[in-house]
Amino acid sequence: MADHSSHDPLAGIPFDRVPPSGRYGAAGEPGVTVSTTDTPFIALVVARNGFAASVAARLGRAFGVEVADRAGAAISAASTVVGTGPGRFLVLSTIEPDLEGTLRALLGAEAAVSEQSDASVAFNLTGEKVPDLLAKGALIDLDPRVFLPGHAATTVIAHIGVTLWRVHESGWRLLVARSFEASFTRFLVASGAEFGLALENGTAGRG
Amino acid sequence: MRIPCPYCGERDAHEFATLGDATLTRPDPAAADADAQFHDYVYLRDNPAGAHEEWWYHANGCRQWLRVARDTRTHAISGAVAARATEQASGEPA
Amino acid sequence: MSAPNRNRLTSGGLIDRAKSLGFSFDGTSYQGYEGDTLASALLANGVRLVGRSFKYHRPRGIVAAGAEEPNALVELRSGARREPNTRATVTELYDGLVASSQNRWPSLAFDALSLNRFLSPFLGAGFYYKTFMWPAAFWEKLYEPIIRRAAGLGRAAEEADPDHYEKATAFCDLLVIGAGPAGLMAALTAARSGARVILADEDFLPGGGLNAEAGDIDRRPAPAFAAHVVAELTSLPNVRVMRRTTVFGVYDSGTYGALERVSDHLPEPLPFQPRQRLWRLIARRAVLAAGATERPIVFGGNDRPGVMLAGAVGTYVQRHAVLPGQKIALFANNDGAWREMLAAQAAGAPVETIIDVRAEVAPALVAAARAEGLRVLTGAQVIATAGKTLTGLTVATPSGTERIAADTLAVSGGWSPAVHLTCHHGGKPMWDAGLAAFVPGTCPPGLSVAGAARGIFGLGACLKDGAAMGAEAAEALGFTVPAPDVPEVADAAFALTPFWHVEGSKGPAFVDLQNDVTAKDVGIAHKEGFRSVELLKRYTTLGMATDQGRTSNVTGLAIMASLTGASIPETGTTIFRPPYTPVSLGALAGHHRGKDFRPVRLTPTHEWARAQGAVFIETGAWLRAQYFPRKGEKDWLETVSREVTAVRASVGLIDVSTFGKIDLQGADVGAFLDRVYINGFAGLAVGKARYGVMLREDGMVMDDGTTARLSPEHYVMTTTTANAAKVFQHLEFCLQVLWPELDVALSSVSEQWAQIALAGPRARDVLARVADGDVSNAALPFMGAIECTVMGGVKARLFRLSFSGELGYEIAVPARHGAALAAALMQAGEEFGITPYGIEALGVMRIEKGHVSGNELSGQTTAGDLGFGRMASTKKDYIGRVMAARPGLTDPERPCFVGFRPVDRSRRLRAGAHFLKLGAAPTLANDQGYMTSVAYSPHLRHWIGLGLIKRGPERLGERVRAYDPVRGEEIEVEICAPGFIDPEGVRLRG
C-alpha cells in the first residue's frame, strides 16, 4: 500500500489515474471500505410508451423480486433491478452472460434493451461512515433513517452522475460512468480520509 | 432552489437544466404563416412577475422533462409534472 | 513576558485554569486559558491596543465580545496559513497561537501613517470619488499605491493554502440557528417530539448569552443550565449539534449555507481533518435565534482603546473572568446596561461610575447602584475622552462639565436584533419604536424568529419564546410535541430612551469604527445629497467590510434621520445579503481545487496511450491524447506531421470513444430522425450509416454526426464530443415534449462502447487481422455498419466511416476491451508501421479533407453557410427548417464555408484572422468573414485554412487579405474549395 506521509491522502497520485488499492487517511479500523468491481452483466431496459407497468411486472417475475416503476432497488441473490426513471430499469446480474438477449426475449416489443455492462464501475461502500462520506458530495438525503435498504436514487455526487442504492443496513452500491472512475475515486479518498478508508480496487490494471 | 421531481423526489436545481417558458406550443410548420408563428415561438417571451411555467430537464436524475410551476419573484415552486404525464393528461393524440 | 493574567479574576468564568495556553501577539508571549478567546486572553494580559484603524491609523482596542467586532482584526498564524482580518473576539485561543496586528507601520505603538489623521479632510466621506479623480493617469501610478499602503486591512498569505476544505449537505426537519436561551429551548422542544433537528451555533461553547449570565436557571447557574440542555440534545439520535458553525445565508427552498470551523481552533488541522467545512443545510423549517447585537452611543473620542460595549464588558467578566480595566464607567441610555454593570461588579469588576443620558431612571435601579457604592450621573453625556488608551472622560452633566478618571468605558445605546438572515429573501426589517430597534419583517418561507432576534429581550421571555417557536415549527411539520418544560425566570422591565449621538462633543465621533466613518461624514453625505441609506453606505463606506455595520448601521441611520428630519423607518435600512459573516474561498471550493477543480473523464485507452508516450489535453471534461511525441522530435508540429503522414501513407489509430453515442429503438426511429436531421433518414438501409446535420429550432446548426441502422428498429447515433449531453437532452425534449406519440426509446451508450478509428490505406488489412469475420469492401462498403465480433469473440460494431479522408473504420467494443483492442490493432498493424495519432493530427486531417468541426459549428452558422444546403430535404419538416428559411439566414451575402491557402506558400495562416478585399481598409464595414481553422498540411507542405467568407463558393481563386491585428499579421490568401486532399473521395471508397 501507499505510504502517505502527508496529510493529503492523494499526495503523489496522478489525477488521471485511479488511486491504487490501499489504506487512506486515519489509522485504525476503517470507517469506510470501498471496493470497485466490474459487475459482470448490466443492461438498461426502457419501456416503450405505455408498457412501464407491464415491463416492471415481467422483470419482477423473471428475477423473483418485487419491481415497481419507481426509484427503488429490488435485490435478489443473483440480480438487482434498479429504477432510474419512469419506465427505465437497470438490470444487474451476476449469472446471465447474455443478459441483453435474455431481456429481449423476456420483454419483446414492450421495451428497448441496451447492453450496459461496461458503461459503469460499481463502487461498493460499506461501513458506518458511508452516509457521512457521501454527504460530502451528494445533494440528497442519505440519512440512514430516511434512505433505507432498497431505496435508490439517480443523482449527482461531487459533480459526477451516479445511480446508487442501499443494499443492506451498512452496504451501499454506486454505479459511476466508467470514464469518471479516477475522479470519483479521488473524491471518495479525499472525503473518506478522516474516517479511514480502505480501497480495494477491483478494476486496477484495467485500461 | 429545489424542484419536486415526480419520480425522484425533491432535488437541488443543480441536477437540472432549464429551457424556459413551458406554455408555448410548437407551431404547425405547414401553416401558411408558419414563419411568423415560429418567430414568436423561438424568440418572443413573456417575462411574468409571478406565476410561471417552465421546462426543466432532470439531466442528473430520471431524465424527464418537467413542467415546473415557479413564482419568478420568490422562486417558490408550487409543483412539477412530467411532460409526458401532462401530454397524456391533456388528452392530446397519443 | 508581562505579568501573566494580571486582569484575571481568581475564580469564576468558563475557563479551565488548569489548562494554560501559550500564545503570542506582535512577537510578545502571553498566557491564557482554555475557554478564552484571543480577545479575552489579550485583555487578561492587559493588552488594550490591538490594531490601527482603516484610514486614519488611529489606535484601536477591543470593542465587542462576538462576531460584531469592528476593531480587533488580526492576522492569525504565519506563512502559508496566514489569515488576515480575523476577529480576535471569536478566535478561540489555542496553545501556540500566533497573531499580529494589522495596518500599522512600522509598529503598532508608533505608526507613521497615523499622520493620515491630519489628512482627514481629504479622507472623509466620498474621498475616493473626490480626491483622486484627476488626472486619470495618476490613479494607477500614484493614488492607488498610496491608498493601498495607507488604508486597508490585513495581508493574505502569499503561498497556496496547505489545508483541505470540504463541503457537505445535511437534511433536517428543523434547523435552529443560535444556541442561546431561545435556540436551546426551540431545539429541545422540537427534538423531544422526534423531529430531526440541527442546532448550529457560531461559538465554540453553545449557550449564547447564558454563558455570560450571572443568575441561576432551574437551580443551576445559567451556563450549567445551557450545558445540561446541550448534553440532552447531544444524546438524542435525531439531533445534530454543530458548534463553531455559522449559518451565513438563507437560500431558496429551505436551503441554508453554514460554515463549520472544524480546525480553526487548532494550530493546524488534525491529520485528514479539513480546516473548514461548508454546509448546505436543507431544512423544512428553521428558527432563527441569533440574539441581538448591542450598539454604541456615538461621541467624541469614542474610538479610544478602553471604550467597549457594555455587554462585552459583562461577557469578559462573567464568561472569561477577565477585568477589561481597573476603573470602569458606564455610559448608557437603558436599564439593561445598568444591570449588566451591577452583575459585573458583583463578580468583582471595579465599576465606579454610571453616566446615563436619561434624566429620569427607575429609582430602584439608582438606589441599587448607589448601594453598591457607584456614582450615578443622570442626564449626563460623555463629550470627550483622553489618553492613548483610555485614562479619563469629560462628562457634561446638568450641573456642568467634569472630568472622570476611567480606563474602561462601557457603552450601551440599546440592542439591535440580529435580523440579518430574515432579510436574505428581500424581507425588510420593521422599526419598533418601543424597542428603538429594527425587528424582523417578512421572513423567508419556513423561517421563524425567536427570542432577542425578534426583540424579546428578557431571559425568561426568551426561554419561553424559544420553546413556543420550536413547538410551533415541529407541530406544523406533523410532529406531536410534548408540553414544553420551560424554567421560570423573572424578567425586569425593558426601559430605554433612544439616544444616538452626543452632539457638540469634542474630537472625531466614530459611527463605523471599522471604516473610520464619523458622524461628521454622515453630515457631509447629507449635505451633498447622498441621503438614501444605500447611497449613504456607498458614499461613506458606512457598514461595509467584515463586520457589515453590525454596530454602526442603526446609529448611522438614526443620525441621518435626525439630519433630514425624517423618522428612522422612513430613512430605511440597507439590505442584508449573504454571507452573514465572511466565508473563505477555500470553503466554497471544497475538494474541487487544483486538478480536482472539476471531474475529468478518461478514455478507455487512457493508460494505453500514456504507455505510448501520449501528451494529453483537456477537451471539455475529457482528457484526450493530443499527440504521441517520439524521441528526437523537436516540436509538436514535427510530431503531428509525422502522425498525419503515417496515416496517409499507411495506417494509424485514434481513440474516438468521446463521441456521444445514443441508442435509439422503436418503430418510429426513422420518422423521428427525419424530424431532427435536415436530411432524410427514413430510407436508411439496415447495415448502413449516414452523415446527418441537426439544427436548432432557430435554424442554426446544432451538431453533426452519423447514425447507423443496426436492425429495422434499432439505430445508433454518434454526436460530437462537445455536444453529446446537449444533443441527448434535445432529443429527449423532442420525444417527451414535442412528439410524445412517437415510439422511440433513447438510451445513452456513450460509456458502454470504446470506439477506435482506424484510418489509412492499410486500414482494411489491419482490421481483417483483428475482426473475426469478413471486412472486405463487399461485406463492409463505405458507410457500412455491422455488428460482429473481434479478437476472437469480443462483441463489436464496425462502421466504415472516415473523418480523415482515408479509408477508415470505427470499431466499437465494450469499454473494458478498449485498451486490448488498441493493443491488438497495434500488433496487427506492426508490419505496416501503424501509428497512434492524437487529436491534433485528427484535426489536421479533417482540415485537409475540408470537414467542419467545432470551430465551424459555432452556433452562428447555418447549414447553407457550411455547404450543407443541398443536403437539406425539401420533402419533410424538421427542427429548424422554418426558421432557416428566413431571409437573413438565406442571404447570399452570408459568409460561407471555403478553403484558403497562402499566396506565399511559406507563410503561416492564423485562425481568427478576418478577411478583407485587397486594398480595403480594415473596418467593420469591409469585414468579409474570418478564418475558422488552420493547419500545416504535411501533404501539401504549406499551411491551409478553412473559413467563412461572403459568397465564398462563388469566389474560388480570388485573392483576399487575412488580417490579424491581434498578432499584427496580414497575409494574402487565395480562396479555394475546402477539400485539399482527395476531393473526389476515392480513398474513402477504396
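Chain B of this predicted model comes with two helices and six strands. Reading from the N terminus, these elements line up as β-β-β-α-β-β-β-α. Measured out along the principal axes, the C-alpha atoms of chain B take up a box of roughly 45 × 35 × 20 Å. The chain is 94 residues long, and 31% of them count as buried. As for how the contacts are spread along the sequence, take those in chain B with a separation of 6 or more: 48% of them link residues 24 or more positions apart.

Next, the meeting of chains A and C. Here 43 residues of chain A are in contact with 38 residues of chain C. On the chain A side, the elements that put in two or more residues are strand S3 (41-47), strand S7 (111-115) and helix H4 (181-192). Of these, H4(A) supplies the largest share of the side that touches chain C, namely six residues. Sorted by class, that side of chain A is a mix, with 18 nonpolar, 12 polar and 13 charged residues.

Within chain C, one helix pair can be looked at in some detail. Two packed helices are described by the angle between their axes and the distance between the axes. For helix H20 (residues 763-770) and helix H21 (residues 818-828) of chain C, the axes come within 9 Å and cross at roughly 120 degrees. That angle falls outside the 65 to 115 degrees that count as roughly perpendicular and is not over 145, the mark for roughly antiparallel, so H20(C) and H21(C) are oblique to each other. The crossing of H20(C) and H21(C) is right-handed. On the H20(C) side, the residues that meet the partner helix are Val766(C), Arg769(C) and Val770(C), while H21(C) brings Ala824(C), Leu825(C) and Ala828(C). By class, this contact between H20(C) and H21(C) holds five nonpolar residues, one charged residue and no polar ones.

Further along chain C, residues 897-982 carry the UniProt annotation "domain: Aminomethyltransferase C-terminal", which comes from an unreviewed entry. In the model, this stretch of chain C, residues 897-982, goes for strands: the chain there is 49% strand and 0% helix. The end C-alpha atoms of residues 897-982 of chain C sit 18 Å apart.

Key:
Residues are numbered from 1 along each chain as its sequence is written. Chains are lettered from A and ligands numbered from 1 in the order in which they are written. This is a predicted model: local features need pLDDT of at least 70, side-chain atom pairs count only at pLDDT 80 or more; totals for chains, interfaces and linings use all residues. Axes are lines fitted to C-alpha atoms, for helices over the stretch in contact, and angles run from 0 to 180 degrees between N-to-C directions. Helices (H or I, at least four residues) and strands (E, at least two) are DSSP runs, numbered from the N terminus. Angles under 35 degrees count as roughly parallel, over 145 as roughly antiparallel, 65 to 115 as roughly perpendicular and the rest as oblique. A crossing is left-handed if the near helix is turned anticlockwise from the far one by less than a right angle, and right-handed if clockwise. Two residues are in contact if their C-beta atoms, placed from the backbone, lie within 7 Å. Ala, Val, Leu, Ile, Met, Phe, Trp, Tyr, Cys and Pro count as nonpolar, Asp, Glu, Lys and Arg as charged, and the others, Gly among them, as polar. UniProt positions are given in the numbering used here, feature names are shortened, and annotations may be inferred rather than shown by experiment. A residue is buried if 20 or more other C-beta atoms lie within 10 Å of its own, exposed if 12 or fewer, and partly exposed in between; C-beta atoms are placed from the backbone.
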